Amino acid sequence: MKSLEELKKLREELQKEMLARNSKGKTKIVIGMGTCGIAAGAREVLQAVLQEIEKRKLDVVVSQTGCIGMCEKEPLLDVQLPGKDRITYGNVTKEDVQRIIVEHVINGNIVEDLVVARLEEGGE
Amino acid sequence: MRELSLHILDIVQNSISADATLISIYINEDIEGDRLTIKIGDNGRGIPEDKLMHITDPFYTTRKTREVGLGLALFAQAARRCEGDLQVDSGVGEGTVVTAFFSYSHIDRPPMGDIKGTLISLIALNPGIDFMYKHIYGGKKFFLDTREIKRELQGIEINQNEVLGWLRGYISEALEDLYGGEG
């Protein structure tokens, strides 16, 4: 049975690798899904993101992160265009999502009034 | 948390952090017996015995980034407010099961809320994890297993826009059936 167990591990590693490879060169959106994020409305923000992506047929990788210590600014949503800085938006509402998707993800202009942090490219 | 479905979303994050590959969510709305049971189980790495003792203490966490762990504490409090309780069964290498029960008709019991949003969120963000969802309402059942869906998809990612759209519709209809049109 050990060999099957090993195969399972290998598959998991390959899947992770595939995911990383597929996401290279794509725009990334990261949502804070810690207890603080969820309590503040992260699920609704995520639903809005998924629906915008579906509606506009965007090729974007959506993933999650845990609590990063900015609980009072949740829900947090990060956008990183390929090769650009990672921008963190705070206190994001369902209504803000459309603006962030259209202005930042599609047109490449940062929505300055919602920014709470930025991480230089490669600074992860 | 305003909704039980938000607690579920939150508690499942613990399973994800524990590297679970299979997570089960069980909800039983037993109206006749006036009891609501929510059970979340995983095959993650499990919790050592000495840490289990502190598990619902909000000022106890294994995390290094901050000093409070609120998720389980909040869920336990919600249950205890409603003549219920929360129990965590776990062992290293054996996975973890969190069971909460509530007095169904208790005035302080939070509503189930947007369970579809919780399921879609989990599936969209964690395509590599399998979810088994079982929901019983007054004896009627709804069962969803992402492994079955993935088999049908034959290698197409479960979190692709179109698939998520289909899942949204599928879960909506199933929940409407379950609640007899009132859900």
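Here is a friendly conversation about a predicted model.

Trainee: How many helices and strands are there in chain B?
Mentor: Happy to start there, and do keep in mind that the model is predicted. Read along the sequence, chain B follows the pattern α-β-β-α-α-β-β-α-β-β-α-α. The count for chain B is six helices and six strands.

Trainee: What is the radius of gyration of chain B?
Mentor: Let's begin with the box that the C-alpha atoms of chain B fill, roughly 45 × 40 × 25 Å along the principal axes. For 183 residues the globule rule gives 16 Å, and the value for chain B is close to that, so chain B is as compact as a globular protein of that length. The radius of gyration is 17 Å.

Trainee: Of the 183 residues of chain B, what percentage count as buried?
Mentor: Think of the outside too: chain B exposes about 9100 Å², with carbon and sulfur atoms supplying 48% of that area. A residue is called buried when its relative accessible area is under 20%. In chain B the buried share is 50%.

Trainee: Is strand β4 of chain B mostly covered or mostly open, and how many of its residues are buried?
Mentor: Good strand to pick! β4(B) spans residues 95-103 and is mostly covered. Of its nine residues, the number buried is seven.

Trainee: Which residue of β4(B) stands opposite G41(B)?
Mentor: G41(B) stands opposite a residue of β4(B), and strand β2 of chain B covers residues 35-42. β2(B) and β4(B) pair in the antiparallel sense over eight bridges. The residue opposite G41(B) is V97(B).

Trainee: And which residue takes a positive phi in the hairpin of β3(B) and β4(B)?
Mentor: Strand β3 of chain B, residues 85-91, runs antiparallel to β4(B), and seven bridges join the two. Across this pair, D85(B) stands opposite F101(B). The hairpin has three residues between the strands, and the one with a positive phi near 80 degrees is G93(B).

Trainee: Turning to chain A, which strands stand at the edges of the open sheet, and why is one side of each left without a neighbour?
Mentor: The sheet has five strands with mixed pairing, in the order β2-β1-β3-β4-β5. An edge strand here has a single partner strand, so one side is left without a neighbour in the sheet. The edge strands of chain A are β2 (60-65) and β5 (115-119).

Trainee: What is the bridge partner of V30(A) in β3(A)?
Mentor: Strands β1 (residues 27-32) and β3 (residues 77-80) of chain A pair in the antiparallel sense over four bridges. In β3(A), the partner of V30(A) is D78(A).

Trainee: At about what angle does helix α4 of chain A run to β3(A)?
Mentor: A useful companion is helix α3 (residues 42-55) of chain A, which lies across β1, β2 and β3 of that chain and runs at about 160 degrees to β1(A). Helix α4 (residues 94-106) lies across β1, β2, β3 and β4 (86-89) of chain A. Its angle to β3(A) is about 15 degrees.

Trainee: Why is the sulfur of C36(A) not bonded to the closest cysteine sulfur, and how far away is that sulfur?
Mentor: A disulfide needs sulfur atoms within 2.5 Å, and over all chains the count comes to zero. C67(A) is in no disulfide, with the sulfur of C71(A) 3.6 Å away. For C36(A) the closest cysteine sulfur is also in C71(A), and it is too far for a bond, at 3.7 Å.

Definitions and conventions: Residues numbered from 1 in each chain as written. Chains lettered and ligands numbered in written order. Predicted model: local features only at pLDDT ≥ 70, side-chain atom pairs only at ≥ 80, totals over all residues. Heavy atoms only, no water. Buried < 20%, exposed > 50% of the residue type's maximum accessible area, 1.4 Å probe, protein only. Pairing = 2+ DSSP bridges. Contact = heavy atoms within 4.5 Å. Axes fitted to C-alpha atoms, helices over the stretch in contact; angles between N-to-C directions. Rg over C-alpha atoms; globule rule 2.2 N^0.38 Å. Areas by Shrake-Rupley, 256 points an atom, 1.4 Å probe, with all protein chains shown as cover.
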